[in-house]
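Please look through the sequence and the structure shown below before reading on. The report that follows takes up one topic at a time.

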Amino acid sequence: MNQWQNTPPTWGQSDDPCGTPWEGVVCKNSRVIALRLSTMGIKGTLSDDLSQLSELQSLDLSFNNDLIGTLTPNIGKLKKLTTLILSGCGFTGKIPQELGTLPHLSFLALSSNKFSGAIPASLGSLSNLYWLDLADNQLSGQLPVSSGTSPGLDLLTNTKHFHFNKNRLSGTIPASLFNSNTKLIHLILDGNNFSGSIPSTIGLVQTLEVLRLGKNRFNGTVPSSISNLTSLNELNLANNNLTGAMPDLTGMNNLVYVDLSNNTFIPSEAPKWFSTIQSLITLVISSGGLRGVVPRKLFSFPQLQQVILDNNAFNGTLDITNISPQLQAIDFQNNEITSVTLNSNYNGTLILVGNPVCNANNITVFCHLQKKQLSP
């Protein structure tokens with residue numbers, strides 16, 4: 001308390017936090033078992049003395065922006081800790097490897113700080129970990145996987161969330177990171193410097209629901225094994241250097257959000273899955289090398305809200321007659337469309353700037369840039 005400013009007003013009104021209750025302090029048998037102090041405006045650093053709270057099971061200091069300094073290695077002495085939430089603070093320095101010695105830790109959220117250095121390989125020892133969120137920091141280096149002498153993230157077979165986006169991580173994704181025992185549902189790696197190809201072993205993780213690999217430097221072809229991920233809701237491979245054929249998503253009938261934009265796929269006509277994945281809400285493939293006629297069935301998917309297919313080479317007639325009642329935004333800017341058939345009930349956004357059809361005077365309403373499409 002003495003090292004913090006803006007502590008809750010009830011603090012210090014009694015000399016026993018477990019007697020007359022202090023706000024955010026939870027006790028059992030006169031021992032502190034939880035500190036729940038999210039969004040309190042607390043200023044200061046995290047004292048080494050924290051380790052004296054040896055019965056502590058849950059520590060939540062999230063969204064106290066002015067809680068700064070390094071994360072004390074003494075946190076490794078809190079052997080009963082199950083939940084550690086420090087998201088949205090101002091912590092700096094390395095993530096202490098001592099976190100890997102907490103046998104009961106199940107929820108670890110360190111996102112939106114200024115942590116730097118590598119992801120500690122010791123985190124691979126956290127066999128009870130369910131949630132691992134290191135997003136939005138300044139972490140660098142490669143994803144650690146186990147070797148004969150060291151643990152790694154591949155050992156976290158019970159973890160369901162890997163959130164590593166918005167860092168400076170690099171290198172390849174090790175093929176050994178994934179196996180058939182992996183229970184991941186969220187793999188979020190976008191906004192880093194990863195390179196190399198996407199490992200085919202990713203197809204072994206059939207529990208995956210969200211896969212975000214966008215804004216990296218991945219190259220090579222998308223492995224065909226990706227079609228094994230039939231539970232996937234969200235797929236984002238945008239803004240990489242992927243080559244080869246556009247991935248075949250046929251049979252992935254739970255997809256609601258797909259973004260394959262800004263890669264260098266082999267030019268092709270619209271893939272067959274444009275006419276089969278009825279679950280789609282948002283489809284984004286800007287600069288995808290697509291050509292030919294747009295399948296009219298695409299616009300009829302019952303939940304469809306956004307179709308963003310700008311900067312391709314679609315041609316012929318754009319048939320938007322059989323449409324989803326949810327449809328709000330259609331962007332075919334800079335294609336080669338020569339005519340449009342539009343359902344008169346459609347009152348959403350349609351952008352056709354940069355198409356030959358805009359040389360016809362009768363549809364000029366769609367031939368200028370309109371308000372930006374909805375955010376997904």
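## Cysteines and disulfides

In this predicted model, cysteine 18 has a relative accessibility of 23% and therefore counts as partly exposed, since buried would require a value under 20% and exposed a value over 50%. Its bonding partner is cysteine 27, to which a disulfide joins cysteine 18 with an S to S distance of 2.0 Å. Cysteine 27, at 25% relative accessibility, counts as partly exposed. The link of cysteine 18 and cysteine 27 is left-handed, with -75 degrees about the S-S bond.

The structure holds 2 disulfides, and another one joins cysteine 358 to cysteine 367, where the S to S distance is 2.1 Å. Because the torsion about the S-S bond of cysteine 358 and cysteine 367 is about -90 degrees, this disulfide is left-handed. When the bonded cysteines of the chain are numbered in sequence order, the pairing reads 1-2, 3-4. A further cysteine to look at is cysteine 89, which has 8% relative accessibility and so counts as buried.

## The chain as a whole

The chain contains 0 helices and 29 strands, and its C-alpha trace spans about 80 × 50 × 30 Å along the principal axes. Of its 376 residues, 50% count as buried. Among the contacts in the chain with a separation of 6 or more, 46% are accounted for by residues that lie 24 or more positions apart in the sequence.

The area that the chain exposes is about 16400 Å², and carbon and sulfur atoms supply 47% of it. As for charge, the chain has 22 positive and 22 negative charges, and the mean positions of these two sets are 2 Å apart.

## Strand E14 and its partners

Strand E14 covers residues 168-171, and its two faces differ in cover: Leu169 and Gly171 belong to the covered face, whereas Arg168 and Ser170 belong to the uncovered one. In a regular strand the side chains alternate between the two faces of the sheet.

Strand E12, made up of residues 138-141, is joined to E14 by 2 bridges, and the two strands run parallel. The bridge partner that glycine 141 has in E14 is leucine 169, a residue of the covered face of E14. Strand E16, made up of residues 193-196, is likewise joined to E14 by 2 bridges in a parallel arrangement. Here serine 170 has asparagine 193 in E16 as its bridge partner, and serine 170 belongs to the uncovered face of E14.

## An open sheet of four strands

Further along the chain, an open sheet of 4 strands follows the order E22-E24-E26-E28, and its pairing is parallel. Strand E22 (268-269) and strand E28 (336-342) stand at the edges of this sheet, and because each has a single partner strand, one side of each is left without a neighbour in the sheet.

For E28, the neighbour in this order is E26. Strand E26 comprises residues 313-320 and is joined to E28 by 6 bridges, with the two strands running parallel. Asparagine 315 stands opposite glutamate 336 in E28.

Technical notes:
Residues are numbered from 1 along each chain as its sequence is written. This is a predicted model: local features need pLDDT of at least 70, side-chain atom pairs count only at pLDDT 80 or more; totals for chains, interfaces and linings use all residues. Side-chain values use heavy atoms; hydrogens and water are left out. Buried means under 20% relative accessible area, exposed over 50%, partly exposed in between (1.4 Å probe, protein chains only). Two strands pair if DSSP finds at least two bridges between them. Contact means heavy atoms within 4.5 Å. Accessible areas come from the Shrake-Rupley method with a 1.4 Å probe; for residues, only the protein chains shown count as cover. Lys and Arg count as positive and Asp and Glu as negative; His and the chain ends are not counted. The place of a charge is taken as NZ of Lys, CZ of Arg, CG of Asp or CD of Glu. A disulfide is a pair of cysteine sulfur atoms within 2.5 Å.
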